[in-house]
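Reader: Hi! I'm in my first year and still learning how to read a protein model. Could you pick one part of this one and take me through it closely?

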Amino acid sequence: MATPWWKDDEGLLAALRRADEAAREVPPEFVAAGKAIFTWYDIDAELASMTYDSAAERAQPSPTRGPEHVPLRALVFATGEVTIELEVGQEALLGQLVPARPGTAYTHLVTGGVVESVIDESGCFVFRPAPSQAFRLQCRPASGTNVVTDWIAL
């Protein structure tokens with residue numbers, strides 16, 4: 001009769017070694033991305049809901065454009081106080097707060113990095129280059145509510 005696993009020290013140690021080896025096989029960037037997704041960046045920020053995504057309108061490719069044409073992607077997020085309009089191109093992520101107000105915008109990358117951009121008096125900001133990975137946009141206007149979007153995957 002075999003010894004039950006909870007009474008077999010060698011078997012238990014072997015199982016623990018296998019579990020440790022399996023845990024080490026997970027790439028560190030996956031672990032960092034997983035932790036970043038569940039991070040709450042600012043408890044006082046209001047979550048902006050996506051109200052428009054131009055990608056939803058592009059079910060069929062346009063017959064008038066060649067395959068080299070990559071259209072801009074437009075996204076709109078809104079709260080009761082402010083709207084964030086975004087245009088994503090190959091070179092940059094352009095944005096504007098409506099109503100216009102100055103402040104600071106941040107992209108929180110899924111890998112944990114943060115990139116900052118100034119929001120000018122007309123409410124415009126730009127990130128060059130556009131994020132190449134999933135990100136969350138945070139806008140801190142000089143006056144008004146701090147706003148954050150949900151995760152955006154381009």
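**A close look at the salt bridges**

Author: R73 and D53 are both buried, and they make a good place to begin. Please keep in mind that this is a predicted model. The side chains of R73 and D53 meet in a salt bridge, with 2.6 Å from N to O. R73 belongs to strand β2 (residues 73–78) and D53 to strand β1 (residues 46–53), so this pair ties together parts that are 20 residues apart in sequence.

The structure holds 2 salt bridges, so let's turn to the other pair. Here the side chains of E81 and R101 come together, at 2.9 Å from N to O. E81 sits in the loop between β2 and β3, while R101 sits in the loop between β4 and β5 (103–109), so this pair, too, ties together parts that are 20 residues apart in sequence. Are E81 and R101 buried or exposed? E81 has a relative accessible area of 33%, so it counts as partly exposed. R101 has a relative accessible area of 12%, which is under the 20% cut-off, so R101 is buried.

Now let's follow the chain to another loop. E91 is found between β3 (83–88) and β4 (93–98). With 62% relative accessibility, E91 counts as exposed, because the cut-off for that word is over 50%. What does E91 touch, once its neighbours within four places in sequence are left aside? The answer is F127, R128, P129 and A130. Take A130 from that list: E91 and A130 are 39 residues apart in sequence, yet their C-alpha atoms are 6.0 Å apart in space.

With those details in hand, you can step back to the whole chain. The protein chain has 2 helices and 9 strands. Starting at the N terminus, the two helices come before the strands, in the order α-α-β-β-β-β-β-β-β-β-β. Among contacts with a separation of 6 or more, 52% are between residues 24 or more positions apart. Of the 154 residues, 31% are buried. The accessible surface comes to about 10100 Å², and 57% of it belongs to carbon and sulfur atoms.

Finally, a word on confidence. The chain averages a pLDDT of 84, and 81% of the residues score at least 70. Confidence is highest in strand β7 (residues 124–127), at a mean of 98, and lowest in helix α2 (residues 28–37), at 72.

Definitions and conventions: Residues numbered from 1 in each chain as written. Predicted model: local features only at pLDDT ≥ 70, side-chain atom pairs only at ≥ 80, totals over all residues. Heavy atoms only, no water. Helix = DSSP H or I, 4+ residues; strand = E, 2+ residues; numbered from the N terminus. Buried < 20%, exposed > 50% of the residue type's maximum accessible area, 1.4 Å probe, protein only. Contact = heavy atoms within 4.5 Å. Areas by Shrake-Rupley, 256 points an atom, 1.4 Å probe, with all protein chains shown as cover. pLDDT = per-residue confidence, 0-100. Salt bridge = Lys/Arg side-chain N within 4 Å of Asp/Glu carboxyl O.
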